[in-house]
Amino acid sequence: MTLARPEPLAATLRQIERAAGALATASVSRMDETLPWFRELPADQRSWVMLVAQAGVQSLVNWLRQGGSSGGPQAVSDEVFDVAPRALARSINLQQTVALIKVTIDVVEEQVPFLAVKGEEQQLREAVLRYSREVAFAAARVYARAAESRGAWDARLQALLVDALLRGDSADVLASRAAALGWTDAPPVVVVVGRSPGGEAAVVLHGVHRAARRADVEVLGGVHGDRLVVVVGGAVDPLTAAGKLLPAFGPGPVVVGPAVPALEAATESARAAMAGYRAAPAWPAAPRPVNADDLLAERALAGDGEARRILRHSAYGALARTSGELLETLDSFLVHGGALEATARALFVHPNTVRYRLRRVAEVTGFAPLTPRDAFTLKIALALGRLEPGTQGEQHAKNP
């Protein structure tokens with residue numbers, strides 16, 4: 001006949017069970033005395049900590065009854081945190097949770113002489129130390145799961161916000177979703193578009209946020225098809241900030257939209273950045289990142305209506321509203337391949353006069369004809385202005 005094996009620390013466990021409430025109360029009192037941040041917690045969260053402490057003592061009893069072996073402590077230890085809502089994990093960080101566990105274990109250790117029956121004090125003390133390690137691992141698992149769940153949810157919410165931004169949804173929709181993500185709306189705000197590096201959206205966005213921390217800017221992002229769209233806030237120099245985010249993007253062009261004062265106006269920046277991204281292959285030598293405004297000519301050729309409007313009115317229209325000699329000089333300069341002497345001969349003026357007028361063209365339009373890129377943009381602007389009726393100042397250009 002085989003005799004039943006006696007339960008280890010049986011008498012001690014019964015004493016611990018009877019003292020569970022008192023141990024939890026003493027632990028919370030010690031937390032209140034030694035942890036300043038704990039005193040500032042709302043009453044409901046403090047009560048959840050009390051329940052966790054009580055569950056921890058009961059879990060210790062169950063763990064010891066299993067012999068404190070590796071066969072089942074993980075499941076038992078994880079249950080310690082099941083009594084509290086997952087929201088508590090967002091109010092108390094992992095470092096603070098470890099501090100709470102340490103205080104509770106310290107209180108239990110101090111009570112070992114009163115909890116253990118004679119001769120079992122050392123055995124109980126060693127068991128408590130082993131159990132504290134299991135609970136610490138359990139806390140890490142709980143926070144890892146919470147972070148994974150939060151990361152997936154954040155990725156989904158950010159994707160919805162990017163979709164709303166690209167659709168041009170109302171400012172209220174953008175503000176509510178951004179607020180849920182902790183967006184502070186620090187000006188200026190720009191939208192950056194490039195190729196996604198591939199993989200799960202949550203992993204891609206983790207890379208974006210890691211790069212943003214190094215650049216000291218706030219970001220929201222979403223994977224939109226094969227594109228990664230990132231909203232950047234608080235960057236004094238948006239182009240430089242976008243350069244620091246490049247490791248989060250895949251290969252290919254990265255385009256930065258114009259700066260706007262707040263997220264509610266970022267649809268304009270997003271549209272320009274998306275249009276620039278589509279048109280960027282037409283400029284193989286474009287810098288990375290590149291401003292969407294530097295791609296106005298390519299955007300216009302790709303059919304972007306806003307780029308066409310800007311070039312017609314801000315470039316061609318601005319010249320057409322002058323006396324007419326600037327437009328004539330620019331025309332001749334472009335026809336003669338950018339040669340000053342040939343332009344001067346064609347216009348019967350001195351080359352210095354041509355230089356002066358070209359400087360005036362740069363002042364009026366913002367594009368310098370002596371720069372090859374700007375000369376190309378001005379050439380597109382002149383063609384658009386003459387092809388598309390309704391350009392401001394067009395009639396004046398025809399009848400100077």
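Visitor: Where is Arg 213 placed in this model?

Guide: In this predicted model, Arg 213 lies in helix H11, which spans residues 201–215.

Visitor: Why is Arg 213 called exposed?

Guide: The relative accessibility of Arg 213 is 57%. The term exposed applies over 50%, and Arg 213 therefore counts as exposed. Its C-alpha atom is separated by 10.0 Å from that of Lys 244, a residue 31 positions apart from Arg 213 along the chain.

Visitor: What makes H16 and H19 oblique to each other?

Guide: Helix H16 (residues 325–335) and helix H19 (residues 372–387) pack at an angle of about 120°, and their axes are 11 Å apart. The range 65 to 115 degrees counts as roughly perpendicular, and over 145 as roughly antiparallel. An angle of about 120° belongs to neither class, and the pair is therefore oblique. The crossing of H16 and H19 is left-handed.

Visitor: Which residues make the contact of H16 with H19, and how do they divide into nonpolar, polar and charged?

Guide: H16 contributes Leu 327, Leu 330, Asp 331 and Leu 334, while H19 contributes Ala 375, Leu 378, Lys 379, Leu 382 and Arg 386. These residues divide into six nonpolar, no polar and three charged. Asp, Lys and Arg count as charged, so Asp 331, Lys 379 and Arg 386 of this contact are the charged ones.

Visitor: Which residues of H16 are buried?

Guide: The buried residues of H16 are Leu 326, Leu 327, Thr 329, Leu 330, Ser 332, Phe 333 and Leu 334. Buried here means under 20% relative accessible area. Just after H16, Gly 337 has a positive phi of about 65°.

Visitor: What makes up the largest nonpolar core?

Guide: This core has 29 residues, and Val 191 and Val 231 are those with the most contacts inside it. At least two residues each come from helix H9 (121–167), helix H10 (171–180), strand S1 (189–195), strand S3 (227–233) and helix H13 (266–279). H13 supplies the largest share, six residues.

Visitor: Which residues are in contact with Val 231, leaving aside its neighbours within four places in sequence?

Guide: Val 231 is in contact with Leu 165, Trp 183, Val 189, Val 190, Val 191, Glu 218, Val 219, Leu 220 and Leu 263. A second, separate core has 26 residues, including Ala 300, Leu 311, Ala 320 and Leu 378.

Visitor: How many helices and strands are there in the protein chain?

Guide: The protein chain has 20 helices and five strands. Of its 400 residues, 46% count as buried.

Note on methods: Residues numbered from 1 in each chain as written. Predicted model: local features only at pLDDT ≥ 70, side-chain atom pairs only at ≥ 80, totals over all residues. Heavy atoms only, no water. Core = buried A, V, L, I, M, F, W, Y, C linked by side-chain atoms within 4.5 Å. Buried < 20%, exposed > 50% of the residue type's maximum accessible area, 1.4 Å probe, protein only. Helix = DSSP H or I, 4+ residues; strand = E, 2+ residues; numbered from the N terminus. Contact = heavy atoms within 4.5 Å. Axes fitted to C-alpha atoms, helices over the stretch in contact; angles between N-to-C directions. Parallel < 35°, antiparallel > 145°, perpendicular 65-115°, else oblique. Left-handed = near helix turned anticlockwise from the far one by under 90°.
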